[in-house]
Amino acid sequence: MRFCELQEKEIINIADGKCIGMARDLDLDVQNGCIIALIVPGPGKWLGCICREYEICIPWCKVVKVGPDIILVDVDEKEARHKIRK
């Protein structure tokens with residue numbers, strides 16, 4: 001699977017059934033060639049797309065299933081939030 005295919009899938013949290021969003025980036029371990037986390041942008045403050053305060057980093061170990069249309073994860077969204085450095 002290519003990253004562009006992964007970006008097209010919605011990420012659903014099975015803990016609460018909420019749609020977290022779509023992966024926009026990956027955190028990679030370049031020494032081992034492994035995916036560490038999926039990175040999903042948080043909601044924007046203005047019009048839902050401008051000035052994001054945080055992003056959601058979902059550890060790869062929390063990915064339950066990658067399906068044809070969605071990615072199921074089991075994560076506490078509040079713990080997965082990371083403040084965006086400016």
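## Overall layout

Reading from the N terminus, the protein chain goes α-β-β-β-β-β-β-β-β-β-α-β. That makes 2 helices and 10 strands. Keep in mind that what you're looking at is a predicted model.

The protein chain has 86 residues, and 30% of them count as buried. As for how the chain folds back on itself, take the contacts between residues at least 6 apart in sequence: 38% of those join residues at least 24 apart.

## The four-stranded sheet

One open sheet is built from 4 strands, in the order 2-1-9-8, with mixed pairing. Strand 2 and strand 8 (63–66) sit at the edges, each pairing on one side only. On average, neighbouring strands here are turned by 25 degrees against each other, direction ignored.

Let's zoom in on one pair in that sheet. Strand 1 and strand 2 run antiparallel, and 3 bridges join them. Strand 1 covers 10–13, while strand 2 covers 19–22. In this pairing, I12 stands opposite C19 in strand 2.

## K9, a buried lysine

Just ahead of strand 1 comes K9, in the loop that follows helix 1 (3–7). K9 is a curious one: the residue is buried but has no salt bridge. The nearest side chain of opposite charge belongs to D69, and that is 6.0 Å away. A salt bridge needs the side-chain nitrogen within 4 Å of a carboxyl oxygen, so D69 doesn't make the cut.

What does the K9 side chain reach instead? Backbone oxygens are on hand: the one of P68 is at 2.9 Å. The backbone oxygen of G67 also lies 2.9 Å from a polar atom of the K9 side chain.

The wider surroundings of K9 draw on several stretches of the chain. Leaving out residues up to four places away in sequence, K9 touches M1, then G21, M22 and A23, and then the run V66, G67, P68, D69, I70 and I71. Of these, G21 and M22 fall within the residue range of strand 2, and V66 falls within that of strand 8.

## K18 and the salt bridge

Now for a lysine that does find a partner. Side chains of opposite charge can pair when their charged atoms come close. The structure holds 1 salt bridge, and K18 forms it with E77, the closest N and O atoms being 3.4 Å apart. K18 is in the loop between strand 1 and strand 2 and E77 is in helix 2 (residues 77–80), so the pair ties together parts that are 59 residues apart in sequence. From C-alpha to C-alpha, K18 and E77 are separated by 9.8 Å.

Are the two partners buried or exposed? K18 is partly exposed, at a relative accessible area of 40%. E77, on the other hand, has 11% relative accessibility and counts as buried, because the cut-off is under 20%. Besides E77, K18 touches I11, I12 and N13, again not counting residues up to four places away in sequence.

## G17, next door

G17 shares the loop between strand 1 and strand 2 with K18. With a relative accessible area of 56%, G17 is exposed, since the threshold is over 50%.

How far apart in space are G17 and D74? The C-alpha atoms of these two are 9.7 Å apart, although 57 residues separate them in sequence.

How values were computed:
Residues are numbered from 1 along each chain as its sequence is written. This is a predicted model: local features need pLDDT of at least 70, side-chain atom pairs count only at pLDDT 80 or more; totals for chains, interfaces and linings use all residues. Side-chain values use heavy atoms; hydrogens and water are left out. Buried means under 20% relative accessible area, exposed over 50%, partly exposed in between (1.4 Å probe, protein chains only). Lys and Arg count as positive and Asp and Glu as negative; His and the chain ends are not counted. A polar contact is a pair of N or O atoms within 3.5 Å; within protein, one must be able to donate a hydrogen and the other to accept it, and residues adjacent in sequence count only if both atoms are side-chain atoms. Contact means heavy atoms within 4.5 Å. Two strands pair if DSSP finds at least two bridges between them. Axes are lines fitted to C-alpha atoms, for helices over the stretch in contact, and angles run from 0 to 180 degrees between N-to-C directions.
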